[in-house]
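Okay, thanks for fitting me in today. I'll put the sequence and the model up, and then talk you through what I found.

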Amino acid sequence: MEPQGYEHVAPDRLDATFAALADPTRRAILARLASGQASVRELAEPFAISQPAISKHLKVLERAGLISRGRDAQRRPSRLEVEPLARATEWLERYRQLWEGNFERLDALLDEMKVDKQSEKGDHR
């Protein structure tokens, strides 16, 4: 049995997206790429890790479809791909709506219980 919400997204693609997003360095790389494409050297600048380590992170992001890499002479600029993030957001949004509905029902129940409690107090006077 598959969890609800998987019917619109291939589970392996969603798994790859969330696995890539699980690492803070990869999230920081994506945040940087949100402002435009960048080379490995440019992406490595703010980190205290080597360019080969950044390249490994880029390969994970590329396999997940979160970035694409082009060719510009000797440069291989990376750029953000929004489709996998949009699919992940859509999947998460279904659960946000589910929980929002649950909380609304809980609020209504608590309000009802509060009214019942107040009316019980008023009946005993």
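**A walk through the model**

So, the overall layout: this protein has five helices and two strands. Starting from the N terminus, the order of the elements is α-α-α-α-β-β-α. Keep in mind that this is a predicted model.

Now the overall shape. The radius of gyration is 23 Å, where a compact globule of 125 residues would have one near 14 Å. If you box the C-alpha atoms along the principal axes, you get roughly 85 × 35 × 20 Å. Out of the 125 residues, 29% count as buried. The accessible surface is about 8,800 Å², and carbon and sulfur atoms own 54% of that. On the contact side, take the ones with a separation of 6 or more: 54% of those join residues 24 or more positions apart.

Let's go to α4, residues 51-63. Those 13 residues span 18 Å from the first C-alpha to the last, close to the 18 Å you'd expect at 1.5 Å a residue. Which residues of α4 are buried? That would be I54, S55, H57, L58 and L61. They sit on the same side of α4, because the arc they cover around the axis is only 160 degrees. Over on the other side of α4 you find P52, K56 and R63, which are exposed. And what covers the buried residues of α4? The cover includes three helices, α1 (11-21), α2 (24-33) and α3 (40-44), plus the strands β1 (67-69) and β2 (78-80). One more detail here: just after α4 comes G65, with a positive phi of about 80 degrees.

α2 can be read in a similar way. Its buried residues are T25, R26, I29, L30 and L33. Here the arc around the axis is only 140 degrees, so these residues end up on the same side of α2. Turn to the face pointing away from that buried side, and you see P24 and A31, both exposed. The buried residues of α2 pack against α1, α3, α4, β1 and β2.

That brings me to the core. The largest nonpolar core has 15 residues, and the ones touching the most other members are I29, L43, I54, L58, L61 and L66. Each of α1, α2, α3 and α4 supplies at least two residues of this core.

Let me zoom in on L66. Leaving out anything up to four places away in sequence, L66 touches T17, A20, L21, L30, L61, R79, L80, E81, P84 and L85. T17 is worth a look from its own end, too. T17 sits in helix α1. Is T17 buried or exposed? With a relative accessible area of 1%, T17 is under the 20% cut-off, so T17 counts as buried. With the same sequence neighbours left out, T17 touches A64, L66, P84 and A88.

Last stop, Y95. This one is in helix α5, which covers residues 83-123. Y95 has a relative accessible area of 24%, and that falls between the 20% and 50% cut-offs, so Y95 is partly exposed. How far apart are the C-alpha atoms of Y95 and I49? They are separated by 36 Å, with the two positions 46 residues apart along the chain as the offset.

That's my tour. Happy to go back to any part of it on the screen.

Definitions and conventions:
Residues are numbered from 1 along each chain as its sequence is written. This is a predicted model: local features need pLDDT of at least 70, side-chain atom pairs count only at pLDDT 80 or more; totals for chains, interfaces and linings use all residues. Side-chain values use heavy atoms; hydrogens and water are left out. Helices (H or I, at least four residues) and strands (E, at least two) are DSSP runs, numbered from the N terminus. The expected span of a helix is 1.5 Å times one less than its number of residues. Buried means under 20% relative accessible area, exposed over 50%, partly exposed in between (1.4 Å probe, protein chains only). The arc is that of the directions from the helix axis to the C-beta atoms. Contact means heavy atoms within 4.5 Å. A nonpolar core is a set of buried Ala, Val, Leu, Ile, Met, Phe, Trp, Tyr and Cys residues joined through side-chain atoms within 4.5 Å. The radius of gyration is taken over C-alpha atoms; the globule rule is 2.2 Å times the number of residues to the power 0.38. Accessible areas come from the Shrake-Rupley method with a 1.4 Å probe; for residues, only the protein chains shown count as cover.
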